[in-house]
Amino acid sequence: MSDVVAPALPASARDQFRRLAVLIATCFVDMIGFAMVLPILPFYALDLKASPFEIGIITAAFSAAQILSAPFWGRVSDKYGRRPALLIGLMAAAIAYVVFGLAHSLWLLFLSRLIQGAGGGTTGVANAYIADSVEPGDRARALGWLSAATSAGVMLGPVIGSIAAHGGRAMPGFVAAALCVLNFAFAWRLLPESHVNRAGATIVRKPVWESAWQVLRHPTLQVSRLVWIYSVGMLAFASLTSVLALFLGARFNVNAMTIGPWFLYIGGLSVVMRTIFLGPIVDRIGETWAMRSGAMLLIIGLLLYPIASSIGLLVLIMPMVPIGTALLFPSTTALMTRGADREETGTLMGVAQTFGGVSRVVAPLMATAAFEVNTWFPFVLGAAIVGVAMVMAFRVPVVPARRKAIHA
């Protein structure tokens, strides 16, 4: 087990579980608010006479702001603590949802997305919080729990948002803002700080963008390679999600009234995989092989999508992707934290989110253009992209599995 990164706060298993439970609950509620407003944003923009291109700009504003803010939030959390960064992010989201509720012009919708994206740059801080609080061997499991909670929030948010919309145009934004304020109060009271600077240590921190520049300049370094694996995998996965509705509509006549169960099915698989199966799998084969296996399953799933000739066959094929991503992303992030300097973990997680954010901006443009060529082309392209990530994954040194380490 690597001793480069050690938990910041020695704690009993019970204290560790309590901190993680509070963090996961906080991220779960935060994602509910996010998912409440995202599905109705295009309809609000259309009511304000937006063109499809303008809707695309408004939608992409979140990721653009997140790209710019994530490394800075990581640096803030390294210097001042994870807790302040997370709390500020929650309040930024509350402000964004109020602006969304009051928006009667396109520029206000755009502003709400910018504010929300700037606050959303704290996703990497939550990952760094887990790195502080959890032993390296348990991080993939804990990160799986965190991502499962966000998946559950994405499942529930649209339902709550639809119900709130019956109360008027502004109500979803106001309800989401109220959830954020309550979440802020909950985290303020119950979420402890996880990051403690070493007493008496003189910490020389690099400029905030130097870590990102290092990833670009030295892609073969182990941590840089892991960031690239994460971002390349995210590019393929975000491409799939960008065209999934179009594919289902073209192939199986799915429409806005019938698409909900499909996303519920995928989200449910992701939650089950990350909460129940990810931990035991990582214990058995280790993070490195979990990452490699996830990339392989994601490739297979993407290649099988176009051959689905019936709904029954598609239902059997679909689990390959959530299983693959559940193995790939938490394991890659856990390996990043192993190789990071403890005082720079937040910054590194922010850089990873920035690279992932670039992928989430590029993916919809690339995938929809490929879909216009042929309905199967985005899936083949996505599989080829994940193939690049898999090749890089096989260049990452193997971290021994916990079971093997115990019996050695």
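Which residues line the largest cavity? They are Val 37, Leu 38, Leu 41, Ala 96, Tyr 97, Phe 100, Ser 112, Arg 113 and Gln 116.

Welcome to this predicted model, where local features need pLDDT of at least 70, side-chain atom pairs count only at pLDDT 80 or more, and totals for chains, interfaces and linings use all residues. Residues are numbered from 1 along each chain as its sequence is written, and side-chain values use heavy atoms, with hydrogens and water left out.

A cavity here is a set of points, on a 1 Å grid over the protein atoms alone, where a 1.4 Å probe fits but cannot get out; lining residues have an atom within 4 Å of a point. The count comes to 1 cavity of 30 Å³ or more, and the largest holds about 50 Å³ of space. Its lining has 6 nonpolar, 2 polar and 1 charged residues. Both α4 and α5 supply at least two of the lining residues each.

Here are three helices (DSSP runs of H or I, at least four residues, numbered from the N terminus):

| Helix | Residues |
|---|---|
| α4 | 82-102 |
| α5 | 106-119 |
| α7 | 139-165 |

Helix α7 has 27 residues and reaches 38 Å from its first C-alpha to its last, close to the 39 Å expected (1.5 Å times one less than its number of residues). A kink of about 30° lies in α7 at Leu 156, shortly before Pro 158; the bend is the angle between axes fitted to the seven residues ending there and the seven starting there.

Ser 77 sits in helix α3 (residues 52-80). Ser 77 is buried (under 20% relative accessible area, 1.4 Å probe, protein chains only), at 0%.

How values were computed: On a 1 Å grid over the protein atoms alone, a cavity is a set of points where a 1.4 Å probe fits but cannot get out, and a pocket is an open set with protein on both sides within 12 Å along at least five of seven lines; lining residues have an atom within 4 Å of a point. Grid points are joined across faces, edges and corners, and a volume is the space filled by probe spheres set on the points. Ala, Val, Leu, Ile, Met, Phe, Trp, Tyr, Cys and Pro count as nonpolar, Asp, Glu, Lys and Arg as charged, and the others, Gly among them, as polar. Buried means under 20% relative accessible area, exposed over 50%, partly exposed in between (1.4 Å probe, protein chains only).
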